[in-house]
Amino acid sequence: MKRTDTFFVIHNFNTVPEEILAYCKDYIIYDASTEQKITEELRKRGYRYVHVENTGHNITTYFRYFADYYEELPEYMCLCKGNMLGRHCSKEYFGRVYDNKYFTYLYEDKNIAEKLRQQGIGQEGDMMERLISESHFLEENTSWYVESPNHPHRYFDEYNSLLSFVYKKPVLPKYNVFAPGACYIVNRSQVRKHSPEFYRNMNKIMSYGMNPSFPSEAHQVERMLPVIFCETYEENEWMNDEAAFGQKIEERIPLIQFQDSIRGKRMKKLRRLEYRLRKGIGF
């Protein structure tokens, strides 16, 4: 197998990513493993890795890399997980796309329609979650996942509010198209559409703790990644100023607390039902 010169940015959690490394010439592993034996194995094998705090998801790893290596980013980057193969896409699919030199969704699940039916989410003709191509997953933009008791929210309780906080006058979509699992091939120019401060500020939105698991805001950013990489919306000024951002984001806390306190019981019941039906989609 030919090794690609695309640089792999690998988020790793409690696995030895030997399989994914076979596809690339150069890489960096951000190891968030909680099992010491995994970190020791990475060291023994001489892998290039940095041990990082476990935020519960992989997006903070990518954004950290963008900010830290902004001036020396490789031309093409594969943003992936150590356990991506077999979980978010098949080896067969990845083998066809891993050397792509353009924006690529690293997601594939031919059985998604059947999985959704088994969860009781509609029939083939009326589902609002479906594949619209081999690798593009479409989901109705309802922010259903915000009601998960495992993923609390502090700053934003819906996708549209976060999108409007980040950008000036964005289109608020009826549907989101994204790669569940947040794995993509991107190029340097896409990343540099935004500043290092932008990525550091984005990480603050979704890395404030594991209580009991990662924040709901990470689910929202997962759906926003194609917008971040591909759209040309103008950022709000505070997104490129860490001090101004810090003040602005703190203003969101009492607002969300108030909204949570007055949100109608009917809406809560509907979104909780929707969450239970969709449980298991995403990271």
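# A tour from the sheet to the helices

Start with strand β1 (residues 7-12) and β4: 5 bridges join the two, and they run parallel. The model on screen is a predicted one.

**Stop 1: β4 and its partners**

Select Val9 and Leu79. Leu79, in β4, is the bridge partner of Val9. Now colour all of β4, residues 76-81. How many of its residues are buried? The count is 5 of 6, so the strand is mostly covered.

Turn to strand β9, residues 184-187. Here 4 bridges join β9 to β4, and the two run antiparallel. For a landmark in this pairing, pick Met77, which stands opposite Val186 in β9. While you look along these strands, keep one rule in mind: in a regular strand, side chains alternate between the two faces of the sheet.

**Stop 2: the whole sheet**

Show the strands in the order β3-β2-β1-β4-β9-β5. These 6 strands form an open sheet with mixed pairing. Which strands sit at the edges? They are β3 (49-51) and β5 (104-105), and each of them pairs on one side only.

Go to the β3 edge. Strand β2 (residues 27-31) is joined to β3 by 3 bridges, and the two run parallel. Select Ile29 and Tyr49: Tyr49 in β3 is the bridge partner of Ile29.

Next, add helix α2, residues 36-44. This helix packs on the sheet and touches β1, β2 and β3. The direction of α2 makes about 150° with that of β3. Then add α9, which also packs on the sheet. Its contacts there are with β4, β5 and β9. The direction of α9 makes about 25° with that of β9.

**Stop 3: α8 against α9**

Keep α9 (residues 216-230) and bring up α8. The two axes come within 10 Å and cross at roughly 150°. That angle makes α8 roughly antiparallel to α9, because the cut-off for this class is over 145 degrees.

Show the side chains at the contact. From α8, select Phe198, Tyr199, Met202 and Ile205. They meet Glu217, Val221, Met224 and Ile228 in α9. By class, the contact has 7 nonpolar residues, no polar ones and 1 charged.

Follow the chain into the loop between α8 and α9, where Pro212 lies. Check the peptide bond from Asn211 to Pro212: it is cis, with omega near 0°.

**Stop 4: α3 against α9**

Now add helix α3, residues 59-68. It packs with α9 at an angle of about 45°, and the axes are 11 Å apart. That makes α3 oblique to α9.

Select Ile59, Phe63 and Phe66 in α3. Their partners in α9 are Ala218, Val221, Glu222, Leu225, Ile228 and Phe229. The contact of α3 with α9 divides into 8 nonpolar, no polar and 1 charged residues.

**Stop 5: Phe63 and the core**

Centre the view on Phe63. Beyond four places in sequence, Phe63 touches Tyr199, Met202, Asn203, Met206, Val221, Leu225 and Ile228. Phe63 also belongs to the largest nonpolar core, which has 77 residues. Which residues have the most contacts inside this core? They are Phe8, Phe63, Phe66, Phe94, Met202 and Ile228. Helix α9 gives the most to the core, with 7 residues.

Move on to Asn203, found in α8, residues 196-205. Is Asn203 buried or exposed? It is buried, with a relative accessible area of 12%; the cut-off is under 20%. Leaving aside neighbours within four places in sequence, Asn203 is in contact with Ile59, Thr60, Phe63 and Arg64.

**Stop 6: two positive phi values**

Select Lys169, in the loop between α6 (159-166) and β8 (175-178). Its phi is near 50°, a positive value in a residue other than glycine. Lys169 is exposed, at 81% relative accessible area.

Finish on Ala182, in the loop between β8 and β9. Phi of Ala182 is near 60°, again positive in a residue other than glycine. Where Lys169 is exposed, Ala182 counts as buried, at 0% relative accessibility.

Key:
Residues are numbered from 1 along each chain as its sequence is written. This is a predicted model: local features need pLDDT of at least 70, side-chain atom pairs count only at pLDDT 80 or more; totals for chains, interfaces and linings use all residues. Side-chain values use heavy atoms; hydrogens and water are left out. Buried means under 20% relative accessible area, exposed over 50%, partly exposed in between (1.4 Å probe, protein chains only). Contact means heavy atoms within 4.5 Å. Axes are lines fitted to C-alpha atoms, for helices over the stretch in contact, and angles run from 0 to 180 degrees between N-to-C directions. Angles under 35 degrees count as roughly parallel, over 145 as roughly antiparallel, 65 to 115 as roughly perpendicular and the rest as oblique. Ala, Val, Leu, Ile, Met, Phe, Trp, Tyr, Cys and Pro count as nonpolar, Asp, Glu, Lys and Arg as charged, and the others, Gly among them, as polar. Two strands pair if DSSP finds at least two bridges between them. A nonpolar core is a set of buried Ala, Val, Leu, Ile, Met, Phe, Trp, Tyr and Cys residues joined through side-chain atoms within 4.5 Å.
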